[in-house]
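Subject: Structure for your review

Dear colleague,

Please find the structure below for your consideration. My findings follow directly after it.

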Amino acid sequence: TFARNVLTAVATKRLRPRTAICIALFDQTYFNGVGNYVRAEALHRARVSPFATVADVFGVDGFAITGTRLLIAIRTVMAEVIELRLDKYSDDPNEVARFQQWLRVYQKPHAKCATDATRRKIYYVDHTEQQQP
């Protein structure tokens with residue numbers, strides 16, 4: 001299964017512990033179908049910093065709760081796209097608008113934007129700043 005493959009890759013260090021999670025999520029061997037918006041939305045929902053390492057997220061053995069939250073968020077985001085029949089690339093402007101409304105962080109004005117090591121944009125909200133009074 002998806003989760004078992006990821007956790008095995010973490011435990012055997014095929015997913016390198018020091019790799020930023022935002023980079024690791026593009027490894028299609030383990031995260032098939034995760035692209036830029038799925039990455040941003042899943043990290044946001046799981047409240048995981050895109051700059052955290054694989055080890056930070058999954059722990060050394062793959063059993064950290066943060067990793068579990070992230071795997072659930074990835075599945076949830078992908079399932080919603082399918083169930084809601086969202087289409088980012090539709091020719092119909094109403095469908096594109098519906099997709100844009102569904103997004104919580106990707107390309108949103110309130111989100112921060114950085115460029116990762118692969119030179120792709122990553123949209124995120126710093127959850128530690130949100131928790132400040």
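I begin with Thr-29, which is exposed, because its relative accessible area is 62% and the cut-off for exposed is over 50%. Please note that the model is a predicted one. Thr-29 sits in the loop that connects α2 (21-24) with α3. Its C-alpha atom is 20 Å from that of Gly-59, a residue 30 places away along the chain.

Overall architecture

The protein contains seven helices and two strands. Read from the N terminus, the order of these elements is α-α-α-α-α-α-β-β-α. The radius of gyration is 15 Å, close to the 14 Å that the globule rule gives for 133 residues, so the protein is as compact as a globular protein of that length. Along the principal axes, the C-alpha trace extends over about 45 × 40 × 25 Å.

Of the 133 residues, 41% are buried. If one considers contacts between residues at least 6 apart in sequence, 58% of them join residues at least 24 apart. The exposed surface of the protein amounts to about 7900 Å², and carbon and sulfur atoms supply 52% of that area. As regards charge, there are 19 positive and 13 negative charges, and the mean positions of the two sets lie 6 Å apart.

Helix α3

Two residues of this helix may be of interest to you. Asn-36 lies in helix α3. Asn-36 counts as buried because its relative accessible area is 13% and the limit for buried is under 20%. Which polar partners does the side chain of Asn-36 have? One is the side chain of Arg-39, with which the side chain of Asn-36 makes a polar contact at 2.6 Å. Another is the backbone oxygen of Lys-121, which is 2.8 Å from a polar atom of the Asn-36 side chain. With neighbours within four places in sequence set aside, the residues in contact with Asn-36 are Phe-26, Tyr-106, Arg-120 and Lys-121. Lys-121 therefore appears both among these contacts and as the provider of the backbone oxygen just described.

Leu-43 is also a residue of helix α3. Leu-43 is buried, with a relative accessible area of 3%. Neighbours within four places in sequence being left aside, Leu-43 is in contact with Ile-21, Cys-22, Leu-25, Val-48, Pro-50, Leu-70 and Ile-122. The C-alpha atoms of Leu-43 and Tyr-123 are separated by 9.5 Å, while the two residues are 80 apart along the chain.

Helix α1

Val-10 belongs to helix α1. Is Val-10 buried or exposed? The relative accessibility of Val-10 is 4%, and Val-10 therefore counts as buried. Between the C-alpha atoms of Val-10 and Phe-58 there are 7.2 Å, and 48 residues separate the pair along the chain.

The loop between α3 and α4

Thr-53 is located in the loop between α3 (36-46) and α4 (54-58). The side chain of Thr-53 reaches the backbone oxygen of Pro-17 at a distance of 3.5 Å. Apart from residues up to four places away in sequence, Thr-53 touches Pro-17, Arg-18, Thr-19, Ala-20 and Ile-21. Ile-21 is thus a contact of Thr-53, and Ile-21 is also listed among the contacts of Leu-43.

Backbone conformations

Two residues deserve attention for their phi angles. Most residues other than glycine have a negative phi. Lys-13, although not a glycine, has a positive phi of about 65°. Lys-13 is situated in the loop between α1 (2-11) and α2. With a relative accessibility of 49%, Lys-13 counts as partly exposed.

The second case is Gln-107, likewise a residue other than glycine, whose phi is positive and near 60°. Gln-107 is placed in the loop between α6 (93-102) and β1 (112-115). At 40% relative accessibility, Gln-107 also counts as partly exposed.

Yours sincerely

Technical notes: Residues numbered from 1 in each chain as written. Predicted model: local features only at pLDDT ≥ 70, side-chain atom pairs only at ≥ 80, totals over all residues. Heavy atoms only, no water. Helix = DSSP H or I, 4+ residues; strand = E, 2+ residues; numbered from the N terminus. Polar contact = N/O pair within 3.5 Å; in protein donor to acceptor, adjacent residues only side chain to side chain. Contact = heavy atoms within 4.5 Å. Rg over C-alpha atoms; globule rule 2.2 N^0.38 Å. Buried < 20%, exposed > 50% of the residue type's maximum accessible area, 1.4 Å probe, protein only. Areas by Shrake-Rupley, 256 points an atom, 1.4 Å probe, with all protein chains shown as cover. Lys, Arg positive; Asp, Glu negative; His and termini not counted. Charge placed at Lys NZ, Arg CZ, Asp CG, Glu CD.
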